[in-house]
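This report looks at how helices and aromatic rings meet in one protein chain. Please keep the structure open while reading, and find each residue as it is named.

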Amino acid sequence: IYAVLYEEYGAQIFLNIYESESTHFDQMGVLLERYGLDDPALAPGVFTDHHIQELYDLLIPMGMSSLEGAYRVGAIIEEVDILDFLHFLDNEALDNKDIRQVYTYLMNASENHLRGFVSCLLSLGVVYEPGYLSLEQYEAILVEETGGVGNTAGH
C-alpha cells in the first residue's frame, strides 16, 4: 500500500515507511523460514489471509481518494498492526524469545509510523481520531517520544 501511495502522491513519508516495512518483511521472512511457516503474502497486494486481503482491497481506494485519505490509510494500517502485535505479545503461550523480540521491535516501529501519519494529517489541519486503538492506547502512543505532538488536547 505504501508503495502505491508514494507513487500516487510522492509524499516522503510513504517512501520512508515503505523502506522501513521492507526491512520488517525481511525480519519476518527470517522467522517464517526458521520456523517453517507459510508467508501470507503471495505477491504485492495478494494475500492468503482473507481478512488481510479485504483490508488491502478496502484501503487502496480510500488512499487513492486524496492525500488526506492516504495519510488516514497509513494511520489505520499502523493502528491495526499495533493491535495485532499487542495481541500476540499478550499471549503467554508465545514463549519464543526470537518472535517476541521481533514483534516488540515491529510494534515500536508501528507506533513511530502512526505518530508520523498523525503529524502529516495535522499539517493538513486534520485531527486524527483512532478507529481501532482505544483512545487511551492512542494517546499514550502519541505522548511517547513526542512530548505530546499530535495530542488532540488543545487542537
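## A partly exposed residue in helix α2

Val30 has a relative accessible area of 43%, and because values between the buried and the exposed ranges count as partly exposed, this residue is placed in that middle class. Val30 belongs to helix α2, and its C-alpha atom is 21 Å from that of Leu86, a residue 56 places away in sequence. These values, like the others in this report, come from a predicted model.

## Helix α2 against helix α5

Two packed helices are described by the angle between their axes and the distance between the axes. For helix α2, which covers residues 12-34, and helix α5, the axes come within 11 Å of each other and cross at roughly 165°. Angles over 145 degrees count as roughly antiparallel, and α2 and α5 are therefore described as roughly antiparallel to each other. Their crossing is left-handed.

Which residues of α2 and α5 meet? From α2 the contact includes Ile13, Phe14, Ile17, Ser20, Glu21 and His24, while from α5 it includes Val102, Tyr103, Leu106, Ala109, His113 and Phe117. When the residues of this contact between α2 and α5 are sorted by type, 13 are nonpolar, five are polar and three are charged.

## His113 within the contact

Is His113 buried or exposed? This residue of helix α5 has a relative accessible area of 9%, and because anything under 20% counts as buried, His113 is buried. Setting aside the neighbours within four places in sequence, His113 is in contact with Ile17, Ser20, Glu21, His24 and Glu78. Of these partners, Ile17, Ser20, Glu21 and His24 are also listed among the α2 residues that meet α5.

## Aromatic pairs

How many aromatic pairs does a search of the whole structure find? The search gives eight, and one of these pairs is formed by Phe85 and Tyr103, whose ring centres are 5.5 Å apart and whose planes stand at 55°, so the pair is classed as tilted. Phe85 lies in helix α4, which covers residues 67-89, and Tyr103 lies in helix α5, which covers residues 97-123, so this pair ties together parts of the chain that are 18 residues apart in sequence.

Both partners of this pair fall below the 20% cut-off for buried residues, because Phe85 has a relative accessibility of 13% and Tyr103 has one of 14%. Elsewhere, ring pairs link Tyr2, Phe14, Tyr71 and Phe117 into a cluster. Two members of that cluster, Phe14 and Phe117, are also listed in the contact between α2 and α5.

## Helix α1 and its packing on α3

Ala3 lies in helix α1, which covers residues 2-9, and with a relative accessible area of 35% this residue is partly exposed. Measuring from C-alpha to C-alpha, Ala3 is 6.8 Å from Phe14, and the two are 11 residues apart in sequence.

Helix α1 packs with helix α3, which covers residues 50-64, at an angle of about 15° and with the axes 10 Å apart. Since angles under 35 degrees count as roughly parallel, α1 and α3 are therefore roughly parallel to each other, and their crossing is right-handed. Val4, Leu5, Glu8 and Tyr9 of α1 make this contact with Tyr56, Ile60, Gly63 and Met64 of α3. The residues of the contact between α1 and α3 divide into six that are nonpolar, one that is polar and one that is charged.

Conventions:
Residues numbered from 1 in each chain as written. Predicted model: local features only at pLDDT ≥ 70, side-chain atom pairs only at ≥ 80, totals over all residues. Heavy atoms only, no water. Phe/Tyr/Trp six-rings, centres within 6.5 Å; stacked < 30°, edge-to-face > 60°. Helix = DSSP H or I, 4+ residues; strand = E, 2+ residues; numbered from the N terminus. Buried < 20%, exposed > 50% of the residue type's maximum accessible area, 1.4 Å probe, protein only. Axes fitted to C-alpha atoms, helices over the stretch in contact; angles between N-to-C directions. Parallel < 35°, antiparallel > 145°, perpendicular 65-115°, else oblique. Left-handed = near helix turned anticlockwise from the far one by under 90°. Contact = heavy atoms within 4.5 Å. Nonpolar A, V, L, I, M, F, W, Y, C, P; charged D, E, K, R; others polar.
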